[in-house]
Amino acid sequence: MIQLYIPLNFLGVIYREIKQSLTDLDKMFTLMDREREVADAPGAQPLAGLAQPTVRFENVEFAYDPARPILKGISFEIPAGKTVAVVGPSGSGKSTLARLLFRFYDIQRGRITMAGQEIREVTQASVRQAIGIVPQDTVLFNDTVAYNIAYGRPGASQAEIEEAARAARIHDFIVVTPKGYATMVGERGLKLSGGEKQRVAIARTLLKNPPVLIFDEATSALDSANERAIQAELQSAARNRTTLLIAHRLSTVVDAHQILVMDAGQIVERGTHSELLALGGRYASMWALQKESPPESPSAPAP
Ligand code: ATP
């Protein structure tokens, strides 16, 4: 089960269908089967040597539909324990990178490796076990808050759940709800805001303790206090983890080891925040624009 909650966040229509009726786990399995796009290679072994894996994309080309190329030769490396952030206009292919790293789809050309092993050649289960995803919109089950957090690691003790919730700064919010960790959430229970849901996802990820983290920043507007808080939590979750950060707010990426600027399926600029500002190109103008725009419009503006 541990692998299953993560793919749901990426499955579009299926995701919405599941979100409406999450009590039925059998249904979830059926839906997952329907969406299964990739299969283990014969004799595939689990990923090995994951203490601090480097993630590498080498000349990756990918299309959902053969008639429409989406990624056109993407190469970058996330050194072990570092954060690489991806920015760019809507539709440029940022979230596709995350889907490919998680191996929802196989690429048409190039290689994606983790700890030096091509992800197509090892078991999917081991790839997904190694990655924690904090998605834009977290799936919550119609169950207790404790269950929803423990989903990161079934069998976690109450003390471990609370420790993760504290680290994700959602504990204080939970303990003032009517039944604390036993409070029901979801469609028929407590409704959580976007920021609170992301914190639940961070707590799940901290419990799972994966060496690789994908953080798909929420596109929805958060107030600036919430935004700063989530940013702090993200930074602590990313510490010592090989992290791919899909960013919609440039303020989040300032400290990244490297920033990739994508446009129409290509990396058009790359560097640190200060290098890219000095370059005076696409990133620099996005930065200038975003500084002027009000906090209600957090998406990276198209140049
Ligand atoms: P945003 O900032 O809006 O989240 P993005 O840069 O993350 O955008 P992607 O989600 O990676 O963009 O999408 C890149 C392109 O691939 C878009 O043109 C999108 O329409 C297309 N696309 C995404 N998912 C699918 C899919 N499942 N099937 C077909 N096309 C898709």
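Okay, so before anything else: when I say "helix" today, I mean a DSSP run of H or I that is at least four residues long, and helices are numbered from the N terminus. With that in hand, meet Glu 163, which sits in helix H7, residues 158-167. Keep in mind that what you're looking at is a predicted model.

Is Glu 163 buried, exposed or in between? A buried residue needs 20 or more other C-beta atoms within 10 Å, and an exposed one has 12 or fewer. Glu 163 has 16, so we call it partly exposed. And if you go looking for Val 254, that's 91 residues away in sequence, and the two C-alphas are 28 Å apart in space.

Right, let's zoom out. The protein has 303 residues, and 39% of them are buried. Its secondary structure adds up to twelve helices and ten strands. Now take the contacts whose separation is 6 or more: 71% of those are between residues 24 or more positions apart.

Next up, the sheet. There's an open one with six strands and mixed pairing, and if you walk across it you go S6-S7-S8-S3-S9-S10. Why do S6 and S10 each have one side without a neighbour in the sheet? Well, strand S6 (131-134) and strand S10 (266-271) are at the edges, so each has just a single partner strand. From one strand to the next, the twist averages 20 degrees.

Let's look at one pair in there. Strand S7, residues 212-216, runs parallel to strand S8, residues 242-246, and five bridges link them. For instance, Ile 214 has Leu 244 in S8 as its bridge partner. Packed on the sheet you'll find helix H9, residues 194-208, which touches S6 and S7. The direction of H9 makes about 170 degrees with that of S6.

So, what about the inside? In soluble globular proteins, nonpolar side chains tend to be buried together. Here, the largest nonpolar core has 71 residues, and the ones with the most contacts inside it are Leu 101, Ile 149, Ala 203 and Leu 244. H9 gives the largest share of this core, six residues. Leaving aside residues up to four places away in sequence, Ala 203 touches Ile 149, Ala 164, Ala 165, Ala 168 and Ile 170.

Last stop: the ligand. Which residues are around it? Among them are Tyr 64, Asp 65 and Ile 70, plus Gly 88 and a run that includes Gly 93, Lys 94, Ser 95 and Thr 96. Sort that shell by class and you get two nonpolar, seven polar and two charged residues.

Key: Residues numbered from 1 in each chain as written. Predicted model: local features only at pLDDT ≥ 70, side-chain atom pairs only at ≥ 80, totals over all residues. Near = placed C-beta within 6 Å. Nonpolar A, V, L, I, M, F, W, Y, C, P; charged D, E, K, R; others polar. Helix = DSSP H or I, 4+ residues; strand = E, 2+ residues; numbered from the N terminus. Contact = placed C-beta atoms within 7 Å. Pairing = 2+ DSSP bridges. Axes fitted to C-alpha atoms, helices over the stretch in contact; angles between N-to-C directions. Core = buried A, V, L, I, M, F, W, Y, C linked by C-beta atoms within 7 Å.
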